[in-house]
Amino acid sequence: MKKKVMLKEKLLRVSIGLIALFTATIFLVTNRNVNNLVEQNISAKLDSISSLGMEIIKSTYAGDWDVKNGKLFIGDNLVSNNFEALDAIKEKTGSLTTLYLGDESVATSVMDKNGERMHASKVSSQVAESVLTNGDAFEGTENVLGETYASKYVPIKDKMGQVIGIWFVGIPKSDIESQGGKIFEMMASIVVISILCGMLGCIILVIYSKKYLKDIDTLKVSFLGSNSNSKNAQQKVLTMSLLLIGTFIVIWVTIQGFTIGSVVNKIVDNNIKDMLNTGSELGYMLVDEKYKGDWSFFDNKLYKGTTPLNDNSMIVDTIGSNTESRSTIFMNDTRISTNILKTDGTRAIGTKASDEVIETVLKQGKEFTGETLDVDKKCITKYTPLKDSNGEIIGMWFIGVDKKFINNQIVGLRKPITQISIFAIIIAFITFLFLSRRMVSDVENFDVRLSA
């Protein structure tokens, strides 16, 4: 007796299986790429704090790193057991910092549960080998008093280029977990949306099979045949495959447009604001350490202590290169020092702040954070008022990120997801047609019943 096989049921099973596989593929690829984005931003923040923190320390204590009588110095300044700069960095950024002589800590902002500093702690053998022996930076995770930190260790070298110590920066796990909550929200949304779209697709396929396959009774169908019944069956199976692909596209577009678009934009937005806050706080600290004294306005120039900052590009270039941002010092509403270049390659000295910024920062004395048109580019920016010794606002401190950088992050996330999605759709389409052909073309062993 010939085996009776319900083609409609087989096609539906294949369809549901492919929908499940497609959903799982989107889920896994999205999860991996979003986590990569978060890790990249955490790494960028670590780099920024590490680089600017080191610049602040070197500006606080002028000279070269050195070891004297078993203690760490910068020039003639004792760094061992000197915590002022480290505590200031911790206060501004929430990150932990430590200076090591060899593999043993000599100055740290890390406190134990009793509020005492963690003296004489040592790095792991893995960190020691990478940093002290090989002279390479090391990034990883570090457990500090039971809490996990994203960490970076950088070699400290003397004037001869010999590695004599380590500079450590750690970002608390809570910073990363705040991103993790948004990722979980996105993953849950992907699952829910995929299930709903998949169910809708299955319902459409069931309705289609009942309506358009019920007129075909018992046939031996071959995709290689030329009779009218065979061609009719082929067309209907092809139409069913196109409906399946339509379901895939709906799932993909919905996830890309709603879930990824909404949640990823929030993640990137929070990362940019965090980058701006870190760059602004540490950048201002660096200016303060580099040029001691009050802000003042004299003879149409802006001074920090005794140093005029008009056309002084060294400090803004240092901050900009360490934070990958646009950095500017304003005298009132006018740029006097900046790393921003105009289209002709010259610095954008003399350009003005927007009316909105002037109203908020110069007139109301508040910080401004938001999107502005900055030297013909849309940027996410932060402006902070600069005050003289009498509390009068005489300028602004500015950090900005080109919005193109933000868009590139989002495009960089969407691109691999889109490529994998398109590839998965093509593979699913080919798989469905192949399995369908196998089901309806085996005329020797199957008597195919296409019934409602």
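A nonpolar core here is a set of buried Ala, Val, Leu, Ile, Met, Phe, Trp, Tyr and Cys residues joined through side-chain atoms within 4.5 Å. With that in hand, welcome to this predicted model, and let us start from the inside.

## The cores

The largest nonpolar core holds 60 residues, and those with the most contacts inside it are Ile57, Trp65, Leu99, Trp167 and Ile329. Helix α1 (residues 7-60) gives this core its largest share, 11 residues. Another core lies apart from it, with 19 residues, including Cys197, Cys202, Ala424 and Phe432. As a general background, nonpolar side chains tend to be buried together in soluble globular proteins.

## The five-stranded sheet

Leu99, one of the residues with the most contacts in the largest core, leads us to strand β5 and its sheet. Here 5 strands make an open sheet, ordered β6-β5-β9-β8-β7, and the pairing is antiparallel. The edges are taken by β6 (104-108) and β7 (138-144); each has a single partner strand, so one side of each is left without a neighbour in the sheet. From one strand to the next, the twist averages 35°.

Strand β5 (residues 96-101) pairs with β6 in the antiparallel sense over 4 bridges. Along this pairing, Leu99 stands opposite Ala107 in β6, and Thr98 has Thr108 of β6 as its bridge partner. The hairpin of β5 and β6 has 2 residues between the strands, and Gly102 takes a positive phi near 65° there. With β9, strand β5 also pairs in the antiparallel sense, this time over 6 bridges; Ile166 in β9 is the bridge partner of Tyr100.

How many of the residues of β5 are buried? The count is 6 of its 6 residues. Both faces of the strand are covered: Leu96, Thr98 and Tyr100 are buried on one side, and Thr97, Leu99 and Leu101 are buried on the other.

Two helices also meet these strands. Helix α2 (residues 84-93) packs on the sheet and touches β5, β6 and β9 (163-172), with its direction making about 155° with that of β5. Helix α3 (residues 125-133) lies across β7, β8 (147-157) and β9, and runs at about 130° to β9.

## The three-stranded sheet

A second part of the model to look at is an open sheet of 3 strands in the order β2-β3-β4, with antiparallel pairing. Its edge strands are β2 (65-68) and β4 (77-78), each pairing on one side only. Between β2 and strand β3 (residues 71-74) the antiparallel pairing runs over 4 bridges, and Asp66 has Phe73 in β3 as its bridge partner. Phe73 has a further neighbour to note: Lys68 lies over the face of its ring, at 5.1 Å from the ring centre.

## Aromatic rings

The model has 8 aromatic pairs. A pair of aromatic rings is described by the distance of the centres and the angle of the planes. Two of the pairs are set out below.

| Pair | Centre to centre | Angle between planes | Arrangement |
|---|---|---|---|
| Tyr284 and Trp295 | 6.4 Å | 35° | tilted |
| Phe330 and Tyr383 | 5.8 Å | 45° | tilted |

Which parts of the chain does each pair bring together? Tyr284 lies in helix α5 (residues 228-290) and Trp295 in strand β11 (residues 295-298), so their pair ties together parts that are 11 residues apart in sequence. Phe330 belongs to strand β14 (residues 326-331) and Tyr383 to strand β17 (residues 377-387), so this pair ties together parts that are 53 residues apart in sequence.

Are these residues buried or exposed? The cut-off for buried is under 20% relative accessible area, and partly exposed means between that and 50%. Tyr284, with a relative accessible area of 29%, is therefore partly exposed, whereas Trp295 counts as buried at 5%. Phe330 is buried at 0% relative accessibility, and Tyr383 is buried with a relative accessible area of 2%.

Ring pairs also link Tyr100, Phe138, Tyr153 and Phe168 into a cluster. Tyr100 has already appeared as a buried residue of β5. Finally, Phe398 has a charge above its ring: the charged end of Arg335 sits over it, 5.4 Å from the ring's centre.

Note on methods:
Residues are numbered from 1 along each chain as its sequence is written. This is a predicted model: local features need pLDDT of at least 70, side-chain atom pairs count only at pLDDT 80 or more; totals for chains, interfaces and linings use all residues. Side-chain values use heavy atoms; hydrogens and water are left out. Two strands pair if DSSP finds at least two bridges between them. Axes are lines fitted to C-alpha atoms, for helices over the stretch in contact, and angles run from 0 to 180 degrees between N-to-C directions. Contact means heavy atoms within 4.5 Å. Rings of Phe, Tyr and Trp (its six-membered ring) pair if their centres lie within 6.5 Å; planes under 30 degrees apart count as stacked, over 60 as edge-to-face and the rest as tilted. Buried means under 20% relative accessible area, exposed over 50%, partly exposed in between (1.4 Å probe, protein chains only). A charge sits over a ring if NZ of Lys or CZ of Arg is within 6 Å of the ring centre and within 35 degrees of the ring normal.
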